[in-house]
Amino acid sequence: MEEVVVIVGAGPAGLATSACLNHLSISNIVLEKEDCCGSLWKKRTYDRLNLHLYKKFCSLPFKPHPPESPAFMSKAAFIQYLDDYASSFNISPRYCRSVESAVFVEGDQKWRIEAKNTMSGEMEVYVSKFLVIATGENGEGYVPPLPGLYSFGGEVLHSSNYKSAVGYEAKEVLVVGCGNSGMEIAYDLSNIGAHASIVVRNPNINLPCYEQKMFNSFSSAFYDR
């Protein structure tokens, strides 16, 4: 199959790229390894997640968020926004397509992309003049090989697999890292009565307003124990 542009990834960046190309009547196709668009938001985020940035900075081209929506939109609201966006701009990703290779053929001046249909097991070949990689920077969770980690008797969970604090009541939980996920998961745990602590690699923490408020709330709950 030949298109002008092949886009790998149906997250926000991939959808936005396809919408802009459709707006200019440039043929394109989106290949997505999962069975839905915005899979990171739908499958690998915790329940209490809200946008960490003001909604103005999280809208996609040609579709601003409505004025009545909250400044920091909920996970559910943003997922609905992504689904509506794909529908509004006639974006129909090919789901369950895992891109196995992409080679630029010098003689043809075109890309040859091989993707596996994970439903049928068949390999598919796509040819395009341009290739856009929109797989994001958080596609795969990383757990560093810390000494003693695999002999630890408790539960070890990457943040992408965390959903809620239910089941952690009164338990000792160590959160490694104070990025957006680490701070909010620690806050979520403290709200339900878990004994959450955070390990921070750097001596200084610089946080936007949203995370700073959450950090202050968590710190108060921690030191009040």
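**Entry 1: helix H4**

I began with helix H4 and listed its buried residues: Gly182, Met183, Glu184, Ile185, Ala186, Tyr187, Asp188, Leu189 and Ser190. I note here that the model is a predicted one.

The buried set amounts to nine of the 12 residues, so H4 is largely enclosed by the rest of the structure. I then checked the length of H4, which covers residues 180-191. At 1.5 Å a residue the helix should span 16 Å, and its end C-alpha atoms are 17 Å apart, which agrees. After H4 I found Gly193, which has a positive phi near 100 degrees.

**Entry 2: helix H3**

I ran the length check on H3, residues 75-88, as well. Its 14 residues should span 20 Å at 1.5 Å a residue, and I read 20 Å between the end C-alpha atoms, in agreement.

Which residues of H3 are buried? I noted Lys75, Phe78, Ile79, Tyr81, Leu82, Tyr85 and Ala86. Viewed down the helix axis, the buried residues of H3 fall within an arc of 155 degrees, so they line one face. The background to this is that an α-helix has 3.6 residues a turn, so residues three or four places apart point the same way.

The buried residues of H3 pack against two helices, H1 (12-23) and H2 (39-43). On the face turned away from the buried side I found the exposed residues Ala76 and Ser87. Just after H3, Asn90 has a positive phi of about 55 degrees.

**Entry 3: Ser39**

I looked up Ser39 next and found its place in helix H2. Is Ser39 buried or exposed? Its relative accessible area is 16%, and the cut-off for buried is under 20%, so Ser39 counts as buried. Leaving aside residues up to four places away in sequence, I found that Ser39 touches Glu32, Glu34 and Arg44.

**Entry 4: the sheet**

I traced an open sheet of five strands in the order E2-E1-E5-E4-E3, and its pairing is mixed. Strands E2 and E3 (97-105) stand at the edges with a single partner strand each, so one side of each has no neighbour in the sheet. On average, neighbouring strands of this sheet are turned by 45 degrees against each other, direction ignored.

**Entry 5: strand E1 and its partners**

Strand E1, residues 2-8, is mostly covered, with five of its seven residues buried. I counted six bridges from E1 to E5 (residues 123-133), and this pair runs parallel. One residue pair I wrote down is Ile7 with its bridge partner Val132 in E5.

Towards E2 (residues 28-31), E1 has four bridges, and these strands also run parallel. Here the bridge partner of Val6 is Ile29 in E2. Following the chain from E1 through H1 to E2, I found a β-α-β crossover that is right-handed.

I also checked where H1 sits: it lies across E1, E2 and E5 and runs at about 155 degrees to E1.

**Entry 6: strands E4 and E5**

How do E4 and E5 pair, parallel or antiparallel? I found six bridges between E4 (residues 110-117) and E5, in the antiparallel sense. In this pairing Ile113 stands opposite Tyr126 of E5. E5 thus has an antiparallel neighbour in E4 and a parallel one in E1.

Methods: Residues numbered from 1 in each chain as written. Predicted model: local features only at pLDDT ≥ 70, side-chain atom pairs only at ≥ 80, totals over all residues. Heavy atoms only, no water. Expected span 1.5 Å × (residues − 1). Buried < 20%, exposed > 50% of the residue type's maximum accessible area, 1.4 Å probe, protein only. Arc of directions from axis to C-beta. Contact = heavy atoms within 4.5 Å. Pairing = 2+ DSSP bridges. Right-handed = clockwise from strand over helix to strand, strands pointing away. Axes fitted to C-alpha atoms, helices over the stretch in contact; angles between N-to-C directions.
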